[in-house]
Structure formats: structure tokens, C-alpha cells
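Trainee: I should like to examine how the terms used for this structure follow from their definitions. May we take them one at a time?

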Amino acid sequence: MLHAKTRLDHPQGATAMFRFAADHPEYITGTEAGPWRMQLPLGGFDVRRDGAALLVEATGVNPIGLSYMKLIFVDHIREYLAEEVELHWQGDGQSHGVPPFFREVRVTATRRLTPSMQRVTFAVPDLHDLPLDELHVRLLLPPTDRPANLPPVWPMLTASGALSFPTGADALLVRVYTIRHVDPARGEVEIDFVLHPTAERSAGGWAATCRPGDVAGLLGPGGGAIPQAPRVLLLGDETALPAIARMLEAALPGTLCEAIIEVDGPGDEQDLAGPVEWLHRRGAAPGTTRLLVEALARRQPSDDLYVWAGCEFDAFRDIRRHIRSVWKLPRDRHMAAAYWRRGVAGEMAEEPHHTSAA
Ligand SMILES: Cc1cc2nc3c(=O)[nH]c(=O)nc-3n(C[C@H](O)[C@H](O)[C@H](O)COP(=O)(O)OP(=O)(O)OC[C@H]3O[C@@H](n4cnc5c(N)ncnc54)[C@H](O)[C@@H]3O)c2cc1C
């Protein structure tokens with residue numbers, strides 16, 4: 001196990017930490033007065049008060065795990081403080097430079113899977129060193145107008161353990177995607193991109209036209225723990241189809257794991273490793289229907305049920321409201337996330353306080 005320590009001297013530090021913990025009871029334990037403890041498969045951190053300051057000890061099962069814990073702590077504390085605090089870590093692991101969870105990747109193949117989905121295969125150097133059970137990555141696309149002899153500028157770790165992204169002419173298009181398949185023997189991963197028309201440069205547009213040899217960056221994978229419960233219900237639109245597909249494949253024997261998935265029509269359905277109720281928009285614009293929440297409302301909860309949902313922002317809010325207010329499922333028995341938001345580009349789909357590590 002690797003260890004690193006830091007100290008946060010900020011009058012609002014403990015309040016920020018308490019709010020961080022209160023928003024993530026599934027990962028973090030602790031009372032308003034502290035101490036707090038976060039535990040994830042790749043590591044964790046302990047935070048305790050020292051007068052007005054916070055003492056933080058991060059642990060990781062390997063350099064990537066430790067780097068994730070530093071990143072999760074600094075990102076969330078900055079978010080809750082709404083301030084760019086600097087931290088100085090002492091102990092194991094690098095505190096600046098190329099993140100151990102960054103890879104420059106190259107497209108090796110691309111094919112249309114269904115009318116709405118493009119599968120892109122990437123060659124990933126040192127794939128074995130990455131935490132391949134984790135689901136999500138940040139895909140980084142270099143600017144299109146760069147001269148061919150000018151390599152992309154990739155993100156770096158700062159001394160605080162945060163990520164610093166290139167800006168201006170070097171700025172990257174950054175989007176969150178799910179690793180659909182991993183092939184460790186070939187050193188390749190596959191990502192399934194939803195093809196959606198938009199006038200702006202987009203990752204979906206890039207996937208539709210990319211060619212073998214094209215270069216991108218990957219940060220991660222991280223996050224997206226696969227729910228384990230006697231009964232699991234997975235809901236999502238096509239952006240969550242890759243995540244749901246992996247979760248169905250990872251379901252333990254004896255678990256009743258089923259899915260409800262919204263797509264445009266029968267041609268967008270895929271063969272998955274578990275029972276699926278397919279919902280069809282039939283030409284309605286993505287993100288404008290209430291199909292998912294209506295399908296949820298037709299079912300009944302049970303004491304052993306875990307519900308997972310990933311979809312457009314409005315649908316996510318409807319689903320979360322139903323799960324919490326009507327079904328009254330406790331926080332540790334559901335996870336709902338906005339995977340995208342109609343009319344909004346990039347990572348703004350998520351509500352504040354729901355950023356992901358990958
Ligand atoms: C944890 C996580 C995992 C994800 N996994 C996947 C995945 O495996 N595959 C996948 O395709 N997506 C996935 N997404 C969703 C994806 O990140 C967003 O759809 C993202 O906005 C796509 O980026 P873009 O550059 O193509 O479009 P953007 O530049 O972000 O958006 C441009 C415009 O297109 C709209 N738009 C964005 N996505 C869609 C859509 N799906 N349908 C219709 N309109 C859209 C936006 O509202 C905006 O108006 C995931 C999201 C999260 C948070």
C-alpha cells in the first residue's frame with residue numbers, strides 16, 4: 001500500500017469536507033466533527049481535524065490508486081470551497097508530471113454497430129497497468145487545426161495532485177465515455193459512441209469520421225462501480241448502453257440483474273448478457289421523452305433492490321425523484337447520474353458535486 005499526507009489550512013476546510021461526505025455517504029463515513037474516511041477499491045483517504053486545519057492521509061493500492069485519491073480529494077475540496085487551494089503532498093507517488101493513468105492512444109479500427117452507434121477500437125500502451133475493472137475514461141481529442149508535426153499537448157499533474165489541462169490553441173475536447181470492451185492480449189479497448197447531429201465539433205462527430213492511425217488521449221479508467229445486490233435494475237438511454245452492457249456481463253451468479261433501455265427503434269437494440277426491456281422513441285428527439293421514468297413507475301421496489309440510472313439530465317432528475325420520493329430507496333441503494341444534457345456541450349451534464357474521478 002502506498003501513502004501520502006497533506007495538510008489543508010483553510011477556515012472552511014472542515015465544512016467543505018463535511019459537505020463532501022454528506023453528498024457521498026456511499027463512499028465516505030464520518031460525522032460533522034470528523035474524522036472522515038473514504039474507501040474505494042483502488043485506495044482511500046482519512047481526514048481529521050487539527051485545530052482549524054485538516055490533516056489528510058491518502059492510500060493507494062498502486063501509483064494510479066494513490067494518484068486518484070489525491071485527485072479526488074483536491075478536486076472535491078476545491079469544488080466545495082469554490083476556490084483554487086494549493087496542497088503539498090509528502091510521501092509516495094509522484095505529485096506532478098504525466099499522470100500514471102494517462103495514455104496516448106491510436107485508433108486501430110472503427111465500425112458502425114447500429115444506426116446510432118459507432119464502435120472505435122484503440123491501441124493502448126501498457127494497458128495491463130490500468131485498473132481495467134473501472135468503467136469510465138475521459139477521452140481527449142487534440143485540436144483539429146494543428147500542423148501534423150506539432151504533437152498534442154496532454155494534461156499534467158500539478159503539485160496539488162490536480163490535473164492541469166492545456167488551454168488556448170492547445171485546448172483539448174474532453175468528454176466522458178465508457179470502456180465497452182477490454183482486450184488485454186491485444187492491448188486494445190473499444191468505446192461505443194452515440195452518433196448525434198450537432199453543428200459544433202463533438203466527440204460523436206469525431207467517432208463518425210475517425211480513421212485508423214488517428215491519435216487521442218485517455219485519462220482513467222475510473223469510477224462507475226458495478227452495483228452488487230440480490231436484485232439490480234439498470235436504466236438508461238443509449239449513452240449508458242455500454243455501461244449497462246458491462247454491468248450485465250459482470251453480474252454475479254444468483255443475482256437478478258435486468259435493464260430498461262431507451263433507444264430510437266428496434267434497429268438500435270443490441271444483444272446483451274441479461275434481460276432488457278427496450279423502449280423506443282420512434283423518431284422523438286433524444287432527451288425529450290419520459291419513457292424511462294414511466295417504465296420505472298410501472299414496477300415495484302423490493303427490500304433487496306439496487307437501482308442504477310444513466311441518461312439525459314431531465315430524465316435523470318425524474319428518475320431520481322421517483323426513486324427517492326416515491327419509492328423511498330435509501331442513498332446506498334441507488335445511483336443516478338446525468339450522462340448528458342440537452343442543449344449543453346461537454347461535461348456540464350452533471351449537477352455540481354457529482355464530478356467523476358475518471
Ligand atoms: C460516466 C459517463 C459515461 C458515458 N459513456 C458514454 C458512452 O459510452 N457512449 C456515449 O456515446 N456517451 C457516453 N456518455 C455521454 C457523453 O459523454 C455525452 O453524450 C457527451 O456530451 C458527448 O460529447 P459530444 O462531444 O459528442 O457532444 P457535446 O459537444 O457534449 O454536445 C453537443 C450537443 O449535442 C448534444 N448531445 C450530447 N450527447 C448527445 C446524445 N447522446 N444524443 C443527442 N444529443 C446529444 C448536447 O446536448 C449538445 O447540444 C457518458 C457520459 C458519462 C457522464
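Mentor: The centres of domain 2 and domain 3, taken over C-alpha atoms, lie 25 Å apart. The contact between them takes 20 residues from domain 2 and 17 residues from domain 3, where contact means heavy atoms within 4.5 Å. This is a predicted model, in which local features need pLDDT of at least 70 and side-chain atom pairs count only at pLDDT 80 or more, while totals for chains, interfaces and linings use all residues. Residues are numbered from 1 along each chain as its sequence is written, and side-chain values use heavy atoms, with hydrogens and water left out.

Trainee: What are the bounds of the domains, and where do they come from?

Mentor: The protein is divided into domain 1 (2-91), domain 2 (102-222) and domain 3 (231-349). Such bounds come from an automatic or database domain assignment.

Trainee: Why does Leu 235 count as buried?

Mentor: Buried means under 20% relative accessible area, exposed over 50%, and partly exposed in between (1.4 Å probe, protein chains only). Leu 235 has 0% relative accessibility, so the residue counts as buried. Leu 235 belongs to strand β15 (residues 231-237); strands (E, at least two residues) and helices (H or I, at least four) are DSSP runs numbered from the N terminus. Leaving aside residues up to four places away in sequence, Leu 235 touches several others, including Ile 244, Ile 260 and Trp 308.

Trainee: Why is Thr 15 called partly exposed?

Mentor: Thr 15 has 40% relative accessibility and therefore counts as partly exposed. Thr 15 is found in helix α1 (residues 13-23).

Trainee: Which residues are closest to the ligand?

Mentor: The ligand is surrounded by 25 residues, the closest being Arg 175, His 196, Ala 203, Arg 341 and Gly 346. A residue is near the ligand if one of its heavy atoms lies within 4 Å of it. At least three residues of this shell come from each of domain 2 and domain 3, and β12 gives the most, with four residues.

Trainee: What makes the approach of Arg 341 to the ligand a polar contact?

Mentor: A polar contact is a pair of N or O atoms within 3.5 Å. An oxygen atom of the ligand is 2.6 Å from a polar backbone atom of Arg 341, so the pair qualifies. For Gly 343, a polar backbone atom is 2.9 Å from an oxygen atom of the ligand.

Definitions and conventions. A polar contact is a pair of N or O atoms within 3.5 Å; within protein, one must be able to donate a hydrogen and the other to accept it, and residues adjacent in sequence count only if both atoms are side-chain atoms.
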